[in-house]
Every structure is written in structure tokens, then in C-alpha cells.
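Colleague: I am new to this structure and would like a close look at a single part, with the surroundings described afterwards. Could you start from one pairing of charged side chains and work outwards from there?

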Amino acid sequence: MLTLSRRLAFVLLSFFMVGGFANTLTTDPNYKPARGQSGKDVIWIPTPPELVEKMLTMAKVTPQDRVFDLGSGDGIIPIAAAQKFKANAVGIEFNANMAEFARRKVAEAGMQDKVRIITGDIFKEDFSSADVVTMYLLPDLNLRLRPTILKMKPGTRVVAHAFDMGDWQPDESAIAAGANAYMWIVPASVQGGWGVTFDIGKTARINLEQTFQNVGGTITVDGRTLQLLGVRLRGEDLSFQFRGETEAVSTFKGKVSGNSLSGKLSTDYLVQTLDGRRL
């Protein structure tokens, strides 16, 4: 049992601990970031406005999109996404002073109804609801985030200022204000065997090998195994061609949704529906 004096000491200690913790959450209302200042894992270098617009244009941001900016700094990207592209945007910033500074910028821009700035850690916050992810992080941080990004819904657009994601090659790249921007589209998982049926009742098997958005494979139909040509995977959109027994070229265009595959197969003047399931 605690004595009265020990209880009092415990209460006082708790008070100071809570007070000390609360003090770490206070922010400086006069804070202004300085170019090159140190952050949690990076230094702060603002993204030029021209590059911000290029990044958001590459991602084809629309008013229906939800944009997450990882390491949002002064909030320039979320604000631009809301002002120029009418999207809803969320910035995640670890530095409490920087996050509060960004909130003031959001208020100055009159974008409080479309932009939210979170004080948080990009490796702990949930951004899985994003349609578009933007970031200006060092290569090792990009690689740490890569597994999380690859689990996001297919078709999510990811745009980075300056740094890539290792052997995951970008789908597009651009230059603005003398700086590089790279964009990736999260690919659907298509690796493995697929059993498919044409609407005329014929069946086939498709085998696919996948490395990120790069895909190759074969189709076995009528007892013949044929190489797939020009396979293209962009998000959940999959297309390929193959040459049949008569050398006629068949073209497939469709979508992957989890373990289902559906689309149209065109050969000369014949168009068939193709449906498939992962084996």
C-alpha cells in the first residue's frame, strides 16, 4: 500500500510527466521552416511549384480523387491538389511545427474544407484509401514504403520528386523546373495460372509471369501453347495478343479484379467475351 507521502510523490510525478508530454505537443505560432533544415529522416527542400503541377498532372488528379502527400512539409502539394485539381488531399508530416505551419498555409488558401494535415509518421499512418500518393523522400525511404504501396488497390498512382524505387521501374517520368518526377501505377497481381472460358464454350489456360507491371506468359488453347505478345499491365487493365493456328492475331483487352479476369477477345471480325479465374 502506498503511504500518503508516496502517493503525493506519485501524483506529482504523473503531473510533471503529463505536463512534459503536453509541452512536446505545443507548437511555435511564429515558426517558419528554413530550406535545408533537418527532419526525422530527411532535410526539408521545398518542391518547386512547377514540379508540383507536373506531378499532379502526370497522376491525372481529378475532383473524385483522394491525394495523400507523404512528408508534406509546408503543404504545397495538398494545397495545389485542392486548388488546381479540386481533389481532397491529406498531408502527413512528422514535425509538429511544420505540420502546424502547413495548416496555417491551408487556412490562408481557404482550403480547410478540402485539405487536412496530419501530424504523424508516414510508416504508421494509414494512407490505403489514397487514389494518388505523392512524396519527396530519399531512396531508402521509398524502398521501405514500396511493400506497403504495392499492397494498395491496383490503379493507385504514385508520384515521386527526384528519387526512384529501385528495380520497380516507373511507368512515366518527366522533368520540370530542372527536377525529375517519376510515376508508378500500382499493378494488379496476375502471377500464376488462369483458367479462361470464351463465350462460344471453348476453354483455355493462361500462364503469366510478373515482375511489378512487367508481364509475360503463354496461352494454351486447342492443345497448342502460344506465346503472349505485347503484354501490358497498367493498374487492373491487362492486354495482350497471340497468333493462332491460322496465323490470325487475337487481341485481348480486359481487367483483373482479385482472382477474376474478364474482357473481350478480338480475332479478325469475331469478338468474344473471355472470363477467367485464377487457378
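Modeller: In this predicted model, Glu53 forms a salt bridge with Lys84, and the closest N and O atoms of the two are 3.2 Å apart. Because Glu53 lies in helix α2 and Lys84 in helix α3, the pair ties together parts that are 31 residues apart in sequence. Glu53 itself is partly exposed, with a relative accessible area of 37%. Side chains of opposite charge can pair when their charged atoms come close. The bridge between Glu53 and Lys84 is a case of such a pair, and a search of the whole structure finds 10 salt bridges.

The two helices that hold this pair also contribute to the interior. The largest nonpolar core has 30 residues, and Leu56, Val61, Val67 and Val115 are the ones that touch the most other members. Two or more residues of this core come from each of α2 (49–58), α3 (76–85), α4 (96–108), β3 (115–119), β6 (172–176) and β7 (179–185). The largest share, six residues, is given by α3. Leu56 shows what such a position looks like in detail: leaving aside residues up to four places away in sequence, Leu56 touches Val61, Ile77, Ala80, Ala81, Phe85 and Thr134. In soluble globular proteins, nonpolar side chains tend to be buried together.

Helix α4, one of the elements that give residues to the core, carries a salt bridge within its own length. The side chains of Glu100 and Arg103 meet there at 2.9 Å, N to O, and because these residues are three apart in helix α4, they are separated by about one helical turn. Both ends of this bridge are partly exposed, Glu100 at 25% relative accessibility and Arg103 at 28%.

Strands β3, β6 and β7, which also give residues to the core, belong to an open sheet of seven strands with the order β3-β2-β1-β4-β5-β7-β6 and mixed pairing. Because β3 and β6 stand at the edges, each with a single partner strand, one side of each is left without a neighbour in the sheet. From one strand to the next, the twist averages 20°. At the β3 end, strand β2 (residues 88–93) runs parallel to β3 and is joined to it by five bridges, with Ile92 standing opposite Ile118 in β3. Helix α5 (residues 139–150) packs on this sheet, where it touches β1 (66–70), β4 (132–135) and β5 (157–161), and its direction makes about 175° with that of β4.

Further along the chain, strand β9 (residues 203–211) pairs with two other strands. Strand β8 (residues 192–198) runs antiparallel to β9 and is joined to it by six bridges, and Gly195 stands opposite Arg205 in β9. The hairpin that β8 and β9 form has four residues between the strands, and Gly201 in its turn has a positive phi of about 100°. Strand β10 (residues 214–221) also pairs with β9 in the antiparallel sense, over seven bridges, and here Arg205 stands opposite Thr220. The hairpin of β9 and β10 has two residues between the strands, with Phe212 in the turn showing a positive phi of about 55°. In a regular strand the side chains alternate between the two faces of the sheet. Strand β9 has a covered face made of Ala204, Ile206, Leu208 and Gln210, while Thr203, Arg205, Asn207, Glu209 and Thr211 make up the uncovered one.

Another salt bridge is found beyond these hairpins, where Lys255 pairs with Glu236 and the closest N and O atoms are 3.8 Å apart. This pair links distant parts of the chain, 19 residues apart, since Lys255 is in strand β14 (residues 249–257) and Glu236 is in the loop between β12 (229–234) and β13 (237–243). Lys255 is partly exposed, with a relative accessible area of 40%, and Glu236 is partly exposed at 31%. Through shared partners, salt bridges join Glu236, Asp237 and Lys255 into one network.

Finally, Thr267 in strand β15 (residues 260–267) gives an example of a polar side chain that counts as buried, at 17% relative accessibility. The side chain of Thr267 makes a polar contact of 2.5 Å with the side chain of Ser250. Not counting residues up to four places away in sequence, Thr267 touches Ala248, Val249 and Ser250.

Conventions. Residues numbered from 1 in each chain as written. Predicted model: local features only at pLDDT ≥ 70, side-chain atom pairs only at ≥ 80, totals over all residues. Heavy atoms only, no water. Core = buried A, V, L, I, M, F, W, Y, C linked by side-chain atoms within 4.5 Å. Buried < 20%, exposed > 50% of the residue type's maximum accessible area, 1.4 Å probe, protein only. Contact = heavy atoms within 4.5 Å. Polar contact = N/O pair within 3.5 Å; in protein donor to acceptor, adjacent residues only side chain to side chain. Salt bridge = Lys/Arg side-chain N within 4 Å of Asp/Glu carboxyl O. Pairing = 2+ DSSP bridges. Axes fitted to C-alpha atoms, helices over the stretch in contact; angles between N-to-C directions.
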